[in-house]
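Student: Could we go through this one together? I'd like to start with a strand and then look at a single side chain.

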Amino acid sequence: MKPAILLLEPMMPEIEKQLDAAYTVYRAATPEQLEKIAGSIRGIATGGGTGVPRAVMDSLPHLEIIAINGIGTDAVDLNEARRRGIHVTTTPGVLIDDVADMAMGLLLSLLRGLPAADRYVRDGAWGSNPPPPLGHRVSGRRLGILGMGHVGQAVATRARAFGMPVSYTDRRDKALPGYAFVPDLPTLAHHSDVLVVAASGGAESRHLVNRQVLDALGPDGVLINVARGSVVDEAALVAALADGTLGGAGLDVFEHEPDVPDGLRTSPHTVLQPHRASATVETRLAMGNLVVGNLAAHFAGQPLLTPVL
């Protein structure tokens with residue numbers, strides 16, 4: 001008999017086909033449906049943003065593994081998983097380049113005003129209406145990075161190609177050649193034209209980017225977030241954009257997804273994406289294959305490919 005798993009977030013058709021071939025797959029279920037199948041579920045495949053609601057985890061007495069299609073674990077109660085001996089896996093490594101590319105894409109779009117110029121051409125305004133405001137140069141701007149892990153370092157590599165001096169803050173000085181370590185986040189923001197958030201989510205990083213940090217960035221500074229929405233105090237961000245104490249924000253993630261505050265959606269100083277930094281065909285296939293591989297290894301009694309727990 002094939003093991004039963006719960007699929008909480010859709011995956012690419014090619015990946016779901018593999019899951020259907022190997023397992024009895026139950027798609028996201030209502031509480032009533034879940035109650036009927038709870039006793040048979042041994043695994044969960046989910047996304048980093050969706051995670052596993054605690055009520056769902058508590059309802060599954062025979063849960064053995066949670067395979068996350070992403071690198072974020074903040075939406076899974078790791079302490080409870082550890083207590084129950086539930087394995088947790090993620091898909092590290094394969095999405096680094098795409099996330100770093102998105103950070104640079106948001107930066108370029110925001111500073112050069114690409115969305116407004118695109119609308120100007122599409123609306124037929126070119127030649128008849130005044131042109132959009134001038135953009136700002138990207139090359140040479142001082143870049144600060146919050147979180148110098150794999151994604152942060154990939155962003156730094158790309159920024160250097162634009163002649164951008166790079167500084168960073170992290171839990172410790174990683175002694176990275178060519179990059180200046182700044183132990184204090186407000187100080188880093190004060191000395192940066194652009195602050196890229198590439199830190200992990202979770203309780204420890206919640207609202208690290210607060211009003212003090214945004215004020216330190218200043219009216220000409222911009223914030224780019226490709227990490228987790230919880231790292232930024234979203235109410236403070238909305239206020240800073242509204243009162244002009246922050247120059248702009250390029251955001252792929254939000255604090256209460258999929259809800260996005262009106263102050264961000266309507267601001268002329270934002271470029272927004274619906275949490276799509278890793279949304280390329282190549283990366284989503286690679287991520288999905290890691291999910292499939294981790295589940296297969298677990299149910300075959302073999303070492304997990306990319307374990308967290």
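Tutor: Sure. This is a predicted model, where local features need pLDDT of at least 70, side-chain atom pairs count only at pLDDT 80 or more, and totals for chains, interfaces and linings use all residues. Residues are numbered from 1 along each chain as its sequence is written, and side-chain values use heavy atoms, leaving out hydrogens and water.

Student: Is strand β4 (residues 65-69) largely enclosed by the rest of the structure or not, and why?

Tutor: Strands here are DSSP E runs of at least two residues and helices are H or I runs of at least four, numbered from the N terminus. Buried means under 20% relative accessible area with a 1.4 Å probe, protein chains only. Five of the five residues of β4 are buried, so the strand is largely enclosed.

Student: Which residues point each way from β4?

Tutor: In a regular strand the side chains alternate between the two faces of the sheet. Ile65, Ala67 and Asn69 take one side, and all residues on both sides are buried. Pointing the other way are Ile66 and Ile68.

Student: In β4, what is the bridge partner of Thr46?

Tutor: Strands pair if DSSP finds at least two bridges between them. Strand β3 (residues 41-47) and β4 run parallel, with five bridges. Within β4, Thr46 is partnered by Ile68.

Student: What is the relative accessible area of Asn225?

Tutor: Asn225 sits in strand β10 (residues 222-225). This residue is buried, and its relative accessible area is 1%.

Notes: Buried means under 20% relative accessible area, exposed over 50%, partly exposed in between (1.4 Å probe, protein chains only).
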